[in-house]
Amino acid sequence: MSASSKLPPFDPADPLGIDDLLEPEDLAVRDTVRAWAADRVLPHIAEWYEQGELPGVHELAQELGAIGALGMSLSGYGCAGASAVQYGLACLELEAADSGIRSLVSVQGSLAMYAIHRFGSEEQKQRWLPRMAAGEVIGCFGLTEPDHGSDPAAMRTHAKRDGDDWILNGRKMWITNGSVAGVAVVWAQTEDGIRGFVVPTDSRGFSAPEIKHKWSLRASVTSELVLDDVRLPATAALPGVTGLRGPLSCLSHARYGIVWGAMGAARSSFEAALDYSRTREQFGRPIGGFQLTQAKLADMAVELHKGILLAHHLGRRMDAGRLRPEQVSFGKLNNVREAIEICRTARTILGANGISLEYPVMRHATNLESVLTYEGTVEMHQLVLGKALTGLDAFR
Ligand SMILES: Cc1cc2nc3c(=O)[nH]c(=O)nc-3n(C[C@H](O)[C@H](O)[C@H](O)COP(=O)(O)OP(=O)(O)OC[C@H]3O[C@@H](n4cnc5c(N)ncnc54)[C@H](O)[C@@H]3O)c2cc1C
């Protein structure tokens, strides 16, 4: 018997054998989320995308809560207490369906719930987290403003004291889940620096008009937040943090999910291209038999599985409490950039069909344009790494 016959067979879906790194519980999480997305998202997503809406978002949120996907890696308060690797696997499966669904889950769990879980009072946690984990209340996270995106330290939204109360004024822009949220975590300037506020969205003076005419993340709710003399009790402020460190640590957690999620969009596009290349014939044979197509597929597979391996590595560091924000920037920068390239190359393999919503590749590619920008643009993550490498700050 030759040495190679003792080796496990080559698996085109897992050419590096990365699944060997997973425990049975990890595989169970992955299978659960994959099955949910196959049943509840994939049959409808092209239509939702074309319509530019996410119908039944509250039911979807409750179903995601039922499978433990909301606030998945948080513990207590009805959260699943899953590992970082399991949370990452869930993000990958959700984004393989659509980045909009993964965004719903990321903003809920890693931004809104994470902020309350990490920086909130016991009363805030008890009041909001169990219902958010169950998907009964959707949360949003308001940091970006019309004039302040990459530089949130310069935000204008402010909170002023009036007796014991706080009065919030300002505008937030591009806020995922805004119009469907029951609670908004809003960051605002105060006399003491930037602070977070837990704002019930039925507060007087709060509104969240939806942003329309998007060509990316069309199956995701994106909104403006308008705060016009919103009066909140003293207990609405998050007591656990002052300064930009608060929102930035939430973003680091959410970006970690994107490191995995982007590879889901890439995997879906790769699979579509591989499948197409085997059946589409030109010049009398399948296009997958041409060397140029094989070069594309080989390069796509290399970047896809390198990206998944990188996500695993970061996940294990997070589980060990050793993941630095610069390492998350490394992962987000690489994986989103490579995922877009994979989707664009997949698009070329599908030829004209590549621009059709009958196939997922163009939808994923246009979604990833948002993912490339939100939670820190490519350039911001290059600057984070540039600073870490050189010790020189080039942000301003
Ligand atoms: C679909 C969608 C959903 C979103 N959801 C949310 C959300 O839920 N909550 C939230 O708070 N925000 C959200 N955002 C906002 C997102 O985080 C911001 O768009 C992002 O931070 C970039 O800000 P900006 O769009 O204002 O771009 P800008 O900051 O104006 O940047 C424009 C360009 O200039 C570059 N640039 C800026 N400064 C420098 C510099 N110093 N050096 C080099 N280049 C620089 C940027 O990299 C970018 O290429 C969302 C955005 C989108 C598109």
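Begin with the salt bridges of this predicted model: counting a side-chain nitrogen of Lys or Arg within 4 Å of a carboxyl oxygen of Asp or Glu, the total comes to 19 salt bridges. Side chains of opposite charge can pair when their charged atoms come close, and the next few selections show several such pairs.

**Stop 1: pairs of opposite charge**

Select Arg102 and Glu95, whose side chains meet in a salt bridge with 2.5 Å from N to O. Are these two residues buried or exposed? Arg102 is buried, because its relative accessible area is 1%, and Glu95 is buried as well, with a relative accessible area of 0%, where the cut-off for buried is under 20%.

Now select Arg396 together with Asp151, a salt bridge in which the closest N and O atoms are 3.6 Å apart. This pair links distant parts of the chain, since Arg396 belongs to the segment after α11 (378-390) while Asp151 sits in the loop between β1 (139-142) and β2 (158-162), and the two are 245 residues apart. Arg396 counts as exposed because its relative accessibility is 81%, whereas Asp151, at 32% relative accessibility, counts as partly exposed.

Move next to Asp162 and Arg231, which form a salt bridge whose closest N and O atoms are 2.7 Å apart. Here too the pair links distant parts of the chain, with Asp162 in strand β2 and Arg231 in strand β7, 69 residues apart. Asp162 is partly exposed, with a relative accessible area of 37%, and Arg231 is likewise partly exposed, with a value of 46%.

To finish this stop, select Arg34, Glu93, Arg267 and Glu271 together, for salt bridges that share partners join these four residues into one network.

**Stop 2: helix α3 and what covers it**

Select residues 57-66, which make up helix α3, and within them colour the buried residues Val57, Leu60, Ala61, Leu64 and Gly65. Why do these residues lie on the same side of α3? They cover an arc of only 140° around the axis, and therefore they are placed on the same side of the helix. An α-helix has 3.6 residues a turn, so residues three or four places apart point the same way.

With those residues still coloured, show the elements that cover them, among which are α1 (24-40), α2 (45-51), α4 (84-97), α5 (99-119) and α6 (122-133). Then step along the chain to Gly68, just after α3, where phi is positive at about 80°.

**Stop 3: the domains**

Colour the protein chain by its three assigned parts, domain 1 (16-133), domain 2 (139-242) and domain 3 (246-390). If you place a marker at the C-alpha centre of domain 2 and another at that of domain 3, the two centres lie 31 Å apart. The contact between them takes nine residues from domain 2 and eleven residues from domain 3.

**Stop 4: positive phi outside glycine**

Most residues other than glycine have a negative phi, and most peptide bonds are trans. With that in mind, select Asn177, which has a positive phi of about 70° although it is not a glycine. Where does Asn177 lie? Asn177 is in the loop between β3 (165-176) and β4 (183-190), and it counts as buried because its relative accessibility is 3%.

Select Asp229 next, another residue that is not a glycine and has a positive phi, in this case near 50°. Asp229 lies in strand β7 (residues 222-232) and is partly exposed, with a relative accessible area of 49%.

**Stop 5: helix α8 and a surface patch**

Select residues 291-319 to bring up helix α8, and find Leu309 within that helix. Leu309 counts as partly exposed because its relative accessibility is 37%. Add Leu16 and Leu21 to the selection, and you have a nonpolar patch on the surface, formed by Leu16, Leu21 and Leu309, with about 260 Å² of accessible area together.

Stay in helix α8 and select Ala295, which is partly exposed, with a relative accessible area of 38%. As a last step, draw a distance from the C-alpha of Ala295 to that of Thr390: the two residues are 95 residues apart in sequence and 36 Å apart in space.

How values were computed: Residues numbered from 1 in each chain as written. Heavy atoms only, no water. Buried < 20%, exposed > 50% of the residue type's maximum accessible area, 1.4 Å probe, protein only. Helix = DSSP H or I, 4+ residues; strand = E, 2+ residues; numbered from the N terminus. Arc of directions from axis to C-beta. Contact = heavy atoms within 4.5 Å. Patch = residues over 30% accessible without salt bridge, like charges linked within 9 Å, V, L, I, M, F, W, Y side chains within 5 Å. Areas by Shrake-Rupley, 256 points an atom, 1.4 Å probe, with all protein chains shown as cover. Domains from an automatic or database assignment.
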